[in-house]
Amino acid sequence: MAERHFTCTACGKCCYGWLPLTLDEALVHAGRFPLVLVWTPLRQGARAFSLTARLGTTVRLGKRKEFAVGVVPTSYIPPALACPALTTDGLCAIQDVKPTRCRTMPFSAYREEADQRDLLVPRPGWDCDVSAAAPVAYRDKEIVSRQDFDRERKALLDQAPILRRYADWLLAASPPLMENLLKMAAKPAGGHVIVNFATLLPHLPKVDMGDFTAKQAPLMVEFAARTAGIAALTDYHRRYRECAAELGAR
């Protein structure tokens, strides 16, 4: 029997950088997280190909070739910067309403359940308890306590039709996007293409554009200021400024 032990120690050290969100969470937290869409192409034969195609879309290249594309609403924060909801004592300030991605950690609903084993190995510097004293979290390629994983997977499947329609529309309308995805798909290590979240808004039902802009635009301006003049964060700074301008911020 193959088992992995794991329990979170609330060290807060995983609360940095990008945070995938559901569509509903992105809108609810528009005043807290700077939002983009992360497009990730995946070649045929990759382990998560089928699931990525179900949650996103596929692009046919001819001669029976295609690649899957994940389209993920994301809090777009550099790896060196903390989540805006992380307090100075390393705790989450929005525990009651924190995103499903945080609740599911260390597991990921963007992977098949049988492909979670390596996620239970803490990254360097993290204080997760993986000792024998911690509860068994993963046994024989199955998640033991799976409520959060199932909730996240259901949310991703429920929103998939909206994201697929949007992705197919934008791929048809934007040849440069397709070119960038093809470049990333050709790289041995893959890669991501970042797209402004505002391009998705017309495809979402019942979005109050004025309310969204009032929450999101100041955030983009704030993060543009925080990343100004930092060479390693040039791409982030450019994206924040671009998003702010698209939302009409001055």
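**A small sheet and a cavity**

Arg139 sits across from Glu142, a residue of strand β7. This is a predicted model, and that facing pair is a handy way into its sheet. The strand β6 covers residues 136-139, and its partnership with β7 is antiparallel, resting on 2 bridges. In general, the strands of a sheet are held together by backbone hydrogen bonds, in either a parallel or an antiparallel fashion. Stepping back, the sheet is an open one made of 3 strands, laid out in the order β1-β6-β7, with antiparallel pairing. The edges belong to β1 (3-5) and β7 (142-143), each of which pairs on one side only.

Next comes the empty space inside the model. Rolling a probe the size of a water molecule over the atoms is a way to see where such space remains. Searching the whole structure with a cut-off of 30 Å³ or more turns up 1 cavity. The space in this largest cavity comes to about 40 Å³.

What lines the largest cavity? The residues around it are Leu35, Asn196, Phe197, Ala198, Phe212, Gln216, Met220, Cys243, Glu246 and Leu247. Two elements, α6 (209-227) and α7 (234-246), give two or more residues each to this lining. Of the contributors, α6 has the largest share, with 3 residues. Sorted by class, the lining holds 7 nonpolar, 2 polar and 1 charged residues. Glu246 and Gln216 are both part of that lining, as are Leu35 and Phe197.

Definitions and conventions
Residues are numbered from 1 along each chain as its sequence is written. This is a predicted model: local features need pLDDT of at least 70, side-chain atom pairs count only at pLDDT 80 or more; totals for chains, interfaces and linings use all residues. Side-chain values use heavy atoms; hydrogens and water are left out. On a 1 Å grid over the protein atoms alone, a cavity is a set of points where a 1.4 Å probe fits but cannot get out, and a pocket is an open set with protein on both sides within 12 Å along at least five of seven lines; lining residues have an atom within 4 Å of a point. Grid points are joined across faces, edges and corners, and a volume is the space filled by probe spheres set on the points. Helices (H or I, at least four residues) and strands (E, at least two) are DSSP runs, numbered from the N terminus. Ala, Val, Leu, Ile, Met, Phe, Trp, Tyr, Cys and Pro count as nonpolar, Asp, Glu, Lys and Arg as charged, and the others, Gly among them, as polar. Two strands pair if DSSP finds at least two bridges between them.
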